[in-house]
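Biologist: Before we begin, may I see the structure that we are to discuss? I should like to ask on what grounds its parts are described as they are.

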Amino acid sequence: STKKLWGGRFEESAAAWIDHFGASISFDKLMANEDIEGSLAHVKMLNETGILTEQEATEIENGLLSLKDNLSAGKLEFSDQNEDIHMNIESLLTKKIGPVAGKLHTARSRNDQVATDFHLYVKKRTTAVISELKKLQKALVEKAEANVETIMPGYTHMQHAQPISYAHYLLAYFEMFKRDVERFEFNQKHTDVSPLGSCALAGTTWPIDRFFTAKELGFADVYANSLDAVSDRDFALEFLSNASILMVHLSRLCEELIYWCSYEFSYIEMSDEYSTGSSIMPQKKNPDMAELIRGKSGRVFGNLMGLLTVMKGLPLAYNKDMQEDKEGIFDAVKTIIPSIKIMTGMIETLTVNKEKMQKATEDDFSNATELADYLAGKGIPFRQAHAIVGSLVLQGIKSHACLQDIPLEEYQKIDPEIGEDVYYDLQSKAAIERRKSYGSTGFEQVRHQIKQAKKSLN
Ligand code: ARG
């Protein structure tokens, strides 16, 4: 087989299948653009610092630019023989411009090169993730705005707890995705750092300028320590960890959408666009997209576990194990971006069965806390009020009656001070309206949350 770029000290070459096992080109070709970008910045710096002549640098630069054109035209052919994207690009460059291409790798190693490419890749996708998340937040706040007075049962333990505003529910997810945005933004602090110029591990004797290449590539900072620069994959672990937490949020929301569009709940209907039918049962409309997002959370968590495991025992600096860092990230990016987009579309297009939702708060006991609070307001210690209402609920269950069905005379046997106004408090709408505590489901508070939410998006 042909001689490797690093073939000088070798007498024999590996079998093709062994080369194939060691190669990363099948997946790291996704970073071809980043690799060329990194090389362009590097060669510019080599000229700027007098390491390469103007003439040499220009030849290399033009060669790289034409490879870039070929790449966007889909005309670059890569091979296992050249192992990874870095050596594939270098070998294509050599074919194009001849031996001067060999000067590009002056004061550089694949170790800082791969780290640079990977930082550039993750940085760009993190920006895309943040922008998709903001669109999802916008969809949630818009849905919330249209549903401030839409009443639904709030649940704990999947049991009716207290009535809430549907907007309040949507805004809870708004807050989760807001934290996701903040996590990815913080992630950028660690991604937006240039390892370039750290070389193999120890830096270089060449008079390079790491700040020049960092600026050229749009990095906000440079790694302070060359050993750390080529060994660090924290930014990738953080990305996968943030992606995993995001998938937890998406998956929880999917879970609710899935059972809410079931026959038993019928709180919502998903648009046809995000649903599918059955090959045998003609009546079916399945929330496939929501189920798939819930399911895809598994692979994202797996990618996080995978990379944590790859990194945990690695001595400094570069080890070939680290070639396993990329596929999990690529897969996570490919998973979370469409998942967020689909969730945004599902939220925008779903319809709410307001009557069904509200009805569910009117033939149940989710107003029991209201009655206990009412009694406590008459001076009965809350604990005692709780016990009284508990026994009324028990009687109600046995006689198929709700708290609002109990006649006033009965209530007055408990406390003669109980008046007609108790029936107002027992309405689910009143239960929400009367809540004024900060951050509560009260309509006024929900309107305040919407205002704050919109402000935070601008
Ligand atoms: N393909 C390698 C990777 O993805 C590039 C770095 C190789 N460096 C080395 N010294 N073998 O990690």
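**Grounds for the description**

Modeller: In this predicted model, the shell around the ligand takes at least three residues from domain 1 (13-106) and at least three from domain 2 (111-146 + 165-208 + 219-352).

Biologist: What makes a residue part of the ligand's surroundings, and which residues are they?

Modeller: The C-beta atom, placed from the backbone, must lie within 6 Å of the ligand. Ser24, Asp28, Asp84, Arg110, Asn111, Val114, Tyr318, Lys320, Met322 and Gln323 surround the ligand. Helix H6 provides three residues, the largest share of this shell.

Biologist: Why are three residues of the shell called nonpolar?

Modeller: Val, Tyr and Met count as nonpolar, and the shell includes Val114, Tyr318 and Met322; therefore these three residues are classed as nonpolar. The shell also has three polar and four charged residues.

Biologist: How do you know that domain 2 and domain 3 are in contact?

Modeller: Contact requires C-beta atoms, placed from the backbone, within 7 Å. Seven residues of domain 2 are in contact with six of domain 3, so the two domains touch by this criterion. On the domain 2 side, helix H6 (110-145) and helix H7 (166-191) each contribute at least two residues. That side comprises four nonpolar residues, two polar ones and one charged one. The centres of domain 2 and domain 3, taken over C-alpha atoms, are 43 Å apart.

Biologist: Where does domain 3 lie in the chain?

Modeller: The domain assignment places domain 3 at residues 368-452.

Notes:
Residues numbered from 1 in each chain as written. Predicted model: local features only at pLDDT ≥ 70, side-chain atom pairs only at ≥ 80, totals over all residues. Domains from an automatic or database assignment. Helix = DSSP H or I, 4+ residues; strand = E, 2+ residues; numbered from the N terminus.
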